[in-house]
Amino acid sequence: MDIVWHSAADHSYCALVTVTVRPIGEAEWPDFTALHLEAFNASSPPEAVERWRGLFEFDRSLAAFDGDLMVGGAAALSFTMTVPGGPVPVAGVTAVEVLPSHRRRGVLSALMARQLHDIHEQGREAVAALYASEAAIYGRFGYGRAADSLFFRIPTHRSAFVPDAPVDPALRLRVARPADALDDLRRVFETVRPERPGLYERSEARWRYDVIADEEYDRRGAGPLRCMIAEDAAGPRGYALFRVAGKFTDHDVPDGEVRLAELFATDPAAYALVWRSVLDRDLCSRVHAWSRPADDPIVHLLAEPRHLNAGWLDDLWIRLVDVDRALASRAYAAPADLVIEVADELCPWNAGRRRLITAKGSCERTGDPADLTLPVSALGAAYLGGRPLTPLAAAGLVREHREGALRELSTAMSWEPEPWGGLVF
Ligand SMILES: CC(C)(COP(=O)(O)OP(=O)(O)OC[C@H]1O[C@@H](n2cnc3c(N)ncnc32)[C@H](O)[C@@H]1OP(=O)(O)O)[C@@H](O)C(=O)NCCC(=O)NCCS
């Protein structure tokens, strides 16, 4: 595929380049990983790169070539992801990278266009999802910011719970080695996964090479991956995976940090107990938790929630590759019957008007006048149920032509719990 050179003034120091885009073969894996390490300024050891191969789907990879030189890459993974109402196939977009010598010449644009066309033609998924390294990159390709995640830095001495926090005397805590506890972790995760939009099915490789990976490289200066399980006589009900960065002050005062990697529980009492197991960790003065859902109940459990020291980040970005199929394949929180006009330059098959009737689960082309006009990125943002359309309209990104249509669609697309991917891919 040839790419079009746009000679904006700030790009004028770059030379014109023509690239071809195609999937890579297994023999090209070393070039692909070398490109990845260069683009991401990464220094992963060969073992970590090899693990990544176990998660890769070669026939869904793409690379851009300038002559013989591989200058860009992008890949898709075949996921099953929970959306409002249940699981659907989703293309998980990853390994998006361009060689620093070839940046800002349209290589990413060529890769994104080809990838979206491929996903559409393959027809398996109507939706694509990704995590963005930088939030400014993907809106132009029709992705919408669909989920947020929170991070916390909790001082353990200010971590008391509210008096009526749930307690179940049947529960006990168990220290486990993550690799030995995989069945327990899976059991808890699989109970939670169908409920929360954004969580995706984890392959054996995803569990082993990502969730519980524990080489020196994975530890980033902290200790080994540790696991606390909350269980009763019937089995596991919650777990925390974390590392401890052990530290003492100059005066020999314990000052360790718990770095919480993931925490899931099937019910409130198990959830509270697993959190206590990390907040009460001896010799530690802080718990640093990242990538927590935007509606994490810890916000309500802590007696002094201002000591969460919370911050937020964009989590999953969603792109409707086939708008009609995507809208027909999720559930809705309230009835809606309206005509939506979608703008989508990159995927012209999506552009135009369709009638969504949630009671029938149908979304079909129509010539009727539009009740709402919006870019495909706004529908992607709202798709998982965590981004009301009303503020997007207030920001001027959605236009209402029939009074009440905005609230009707916004309410119908909302969902609880909040969406959250839980694990960067
Ligand atoms: C981000 C990256 C893939 C962009 O590739 P690229 O080939 O330079 O992108 P393009 O030339 O196709 O850019 C297309 C448009 O996106 C803009 N853009 C690209 N990267 C951007 C960024 N990081 N922030 C803001 N805008 C960006 C370009 O300015 C251009 O805008 P324009 O059409 O208005 O001129 C590349 O810089 C890279 O590999 N970065 C390091 C790895 C990384 O972060 N990958 C993304 C992982 S999620």
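Which strands and helices do the buried residues of helix 4 pack against? Keep that question in mind while selecting the first stop. The model on the screen is predicted.

**Stop 1: helix 4**

Select residues 182-192, which form helix 4. Its buried residues are Leu182, Asp184, Leu185, Val188, Phe189 and Val192. Colour these residues and look along the axis: they cover an arc of only 160 degrees, so they are on the same side of helix 4. Now show what that side meets. The buried residues of helix 4 pack against two elements written earlier and later in the chain list, namely strand 8 (172-176) and helix 5 (204-211), and also against strand 9 (226-232), strand 10 (235-245) and strand 11 (256-265).**Stop 2: helix 5**

Next select helix 5, one of the elements that the buried residues of helix 4 pack against. In helix 5 the buried residues are Ala205, Arg206, Trp207 and Val211. Show their surroundings: the cover over these residues includes strand 3 (69-83), helix 4, strand 10 and strand 11.

**Stop 3: arginine 219**

Select arginine 219, which belongs to helix 6 (residues 216-219). Then add arginine 243 and draw a line between the two C-alpha atoms. The line spans 7.5 Å, while the two residues are 24 residues apart in sequence. Leaving aside neighbours within four places in sequence, arginine 219 is in contact with Asp214, Pro224, Arg243 and Arg259.

**Stop 4: the ligand**

Select the ligand and show the residues around it. There are 22 of these residues, and Val98, Arg104, Gly106, Ser109 and Ser133 come nearest. By type, the shell holds 11 nonpolar, 5 polar and 6 charged residues. Strand 4 (86-98) and helix 3 (107-122) each supply at least two residues of this shell.

Three backbone positions are worth labelling here:

- Valine 96: a backbone N or O atom lies 2.9 Å from a nitrogen atom of the ligand.
- Valine 98: a polar backbone atom is 2.8 Å from an oxygen atom of the ligand.
- Arginine 105: a polar backbone atom is 3.1 Å from an oxygen atom of the ligand.

On its own the ligand has 900 Å² of accessible area, and the protein covers 79% of it.

**Stop 5: aspartate 148**

Move to strand 7 (residues 148-155) and select aspartate 148. Is this residue buried or exposed? Aspartate 148 has a relative accessible area of 18%. The cut-off for buried is under 20%, so aspartate 148 counts as buried.

Show the side chain and look for its polar contacts. One is with the side chain of arginine 145, at 3.3 Å. Another, of 3.1 Å, joins aspartate 148 to the side chain of arginine 387. Arg387 also appears among the contacts of aspartate 148 beyond four places in sequence, along with Ala294, Trp312, Leu313, Asp314, Asp315 and Pro419.

**Stop 6: threonine 156**

Threonine 156 is in the loop between strand 7 and strand 8. With a relative accessible area of 16%, threonine 156 is buried. What does its side chain meet? A polar atom of that side chain lies 3.1 Å from the backbone oxygen of cysteine 284. Not counting residues up to four places away in sequence, threonine 156 touches Leu279, Cys284, Ser285, Arg286 and Val287.

**Stop 7: backbone angles**

The last selections concern the backbone. Most residues other than glycine have a negative phi, and most peptide bonds are trans. The next three places depart from that pattern.

Select asparagine 41, in the loop between helix 1 (29-39) and helix 2 (46-53). Its phi is near 50 degrees, a positive value in a residue other than glycine. Asparagine 41 is exposed, with a relative accessible area of 72%.

Then select aspartate 252, in the loop between strand 10 and strand 11. Aspartate 252 is not a glycine, yet it has a positive phi of about 70 degrees. Aspartate 252 is exposed as well, with a relative accessible area of 60%.

Finish at proline 417, in the segment after helix 12 (405-413). Select glutamate 416 together with it and look at the bond between them. A cis peptide bond joins glutamate 416 and proline 417, with omega about 5 degrees.

Key:
Residues are numbered from 1 along each chain as its sequence is written. This is a predicted model: local features need pLDDT of at least 70, side-chain atom pairs count only at pLDDT 80 or more; totals for chains, interfaces and linings use all residues. Side-chain values use heavy atoms; hydrogens and water are left out. Buried means under 20% relative accessible area, exposed over 50%, partly exposed in between (1.4 Å probe, protein chains only). Helices (H or I, at least four residues) and strands (E, at least two) are DSSP runs, numbered from the N terminus. The arc is that of the directions from the helix axis to the C-beta atoms. Contact means heavy atoms within 4.5 Å. A polar contact is a pair of N or O atoms within 3.5 Å; within protein, one must be able to donate a hydrogen and the other to accept it, and residues adjacent in sequence count only if both atoms are side-chain atoms. A residue is near a molecule or strand if one of its heavy atoms lies within 4 Å of it. Accessible areas come from the Shrake-Rupley method with a 1.4 Å probe; for residues, only the protein chains shown count as cover. Ala, Val, Leu, Ile, Met, Phe, Trp, Tyr, Cys and Pro count as nonpolar, Asp, Glu, Lys and Arg as charged, and the others, Gly among them, as polar.
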